[in-house]
Amino acid sequence: HTKREALDKVIREKAVAFGLGQASAQEIDQINIYQAARLAMERAIQALPIAPDGLLTDAMPLPHYKHLQQKAMNHGDSLSMSIAAASILAKVARDRMMVEMDALYPGYGFASHKGYGTEQHLAAIKEIGLCPEHRLSFAPVAQTQASKDPRGTFGFWKGKLEETSTLAGLKQAGLSLKRLAG
């Protein structure tokens, strides 16, 4: 952990440029985690103080940047120093954000588990309920929400489907149901 933070400092000092991007829990729920990761990467590129000549990405190409030469590499963080450095910057920024979130929403243990679905976190969701940073498309969150709904589980999902007005929303609701059933 401290090694990653030390590397973060060196990368920030030595890099020609870097940009950070993120997607909110609400965006993840709307467009799915894969598309939200892509959106965060695009925002990181937009945050660069200089325009890139090309892109090396970890596994996913970026269609909005097809005018640039791109190389999407599976396990890119183990194959490219640039991708590894970006991964370190992103992880340290995420960890810091989770510590801040822990102060805003105490009781969930965000500072210690950094947003992963640990037993402690899942127990806190059941006990405390949800905060605005919880992804409703995350199966344990959806299960908790459905179990507390006065309409019952079926009524909850029926309501979700009725509220959905786009094809993307229907797909997302379907994925959530599939995850819960699987």
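Here are some friendly notes on this predicted model, arranged as numbered points.

1. **Getting your bearings.** This is a predicted model, so please read each value below as computed from it. The protein has 10 helices and two strands. If you follow the sequence from start to end, the pattern is α-α-α-β-β-α-α-α-α-α-α-α. The C-alpha trace spans about 55 × 35 × 25 Å along its principal axes.

2. **Inside and outside.** The protein has 182 residues, and 31% of them count as buried. Contacts that reach along the chain are also worth a look: among those between residues at least 6 apart in sequence, 36% join residues at least 24 apart.

3. **Helix H1 against helix H5.** A good place to begin is where helix H1 (residues 2-14) packs with H5, at an angle of about 120° and with the axes 9 Å apart. That angle makes H1 oblique to H5, and the crossing of the two is left-handed. On the H1 side you will find Arg-4, Glu-5, Leu-7, Asp-8, Ile-11 and Arg-12; they meet Ala-85, Ile-88, Leu-89, Lys-91, Val-92, Asp-95 and Arg-96 in H5. What kinds of residue make up this contact of H1 with H5? Six are nonpolar, seven are charged and no polar ones take part.

4. **Met-98, further along H5.** Helix H5 covers residues 81-104, and Met-98 is found in this helix. Is Met-98 buried or exposed? Its relative accessibility is 1%, so Met-98 counts as buried. Setting aside neighbours within four places in sequence, Met-98 is in contact with Phe-110, Ala-111, Lys-114 and Gly-115. Try also the step from Met-98 to Ser-112: these residues are 14 apart along the chain, and their C-alpha atoms are separated by 8.5 Å.

5. **An aromatic pair.** Phe-110, one of the contacts of Met-98, turns up again here. A search of the whole structure finds one aromatic pair. The ring centres of Tyr-108 and Phe-110 are 5.4 Å apart and the planes stand at 35°, so the pair is tilted. Both Tyr-108 and Phe-110 are buried.

6. **Helix H8 against helix H9.** Next, look at helix H8 (residues 139-148) and helix H9 (residues 152-163), whose axes come within 7 Å and cross at roughly 115°. The two helices are therefore roughly perpendicular to each other, and H8 passes H9 in a right-handed crossing. From H8, Ala-142, Gln-145 and Ala-146 take part, meeting Gly-152, Thr-153, Phe-156, Trp-157 and Lys-160 in H9. The residues of this contact divide into four nonpolar, three polar and one charged.

7. **Two backbone angles to check.** Where does Ala-59 lie? Its place is in the loop between strand S1 (54-58) and strand S2 (69-73). Phi of Ala-59 is near 80°, a positive value in a residue other than glycine. With a relative accessible area of 39%, Ala-59 is partly exposed. His-75 also deserves a look: its place is in the loop between S2 and helix H4 (76-79). Phi of His-75 is near 55°, again a positive value in a residue that is not glycine. The relative accessible area of His-75 is 60%, so this residue is exposed.

Methods:
Residues are numbered from 1 along each chain as its sequence is written. This is a predicted model: local features need pLDDT of at least 70, side-chain atom pairs count only at pLDDT 80 or more; totals for chains, interfaces and linings use all residues. Side-chain values use heavy atoms; hydrogens and water are left out. Axes are lines fitted to C-alpha atoms, for helices over the stretch in contact, and angles run from 0 to 180 degrees between N-to-C directions. Helices (H or I, at least four residues) and strands (E, at least two) are DSSP runs, numbered from the N terminus. Angles under 35 degrees count as roughly parallel, over 145 as roughly antiparallel, 65 to 115 as roughly perpendicular and the rest as oblique. A crossing is left-handed if the near helix is turned anticlockwise from the far one by less than a right angle, and right-handed if clockwise. Contact means heavy atoms within 4.5 Å. Ala, Val, Leu, Ile, Met, Phe, Trp, Tyr, Cys and Pro count as nonpolar, Asp, Glu, Lys and Arg as charged, and the others, Gly among them, as polar. Rings of Phe, Tyr and Trp (its six-membered ring) pair if their centres lie within 6.5 Å; planes under 30 degrees apart count as stacked, over 60 as edge-to-face and the rest as tilted. Buried means under 20% relative accessible area, exposed over 50%, partly exposed in between (1.4 Å probe, protein chains only).
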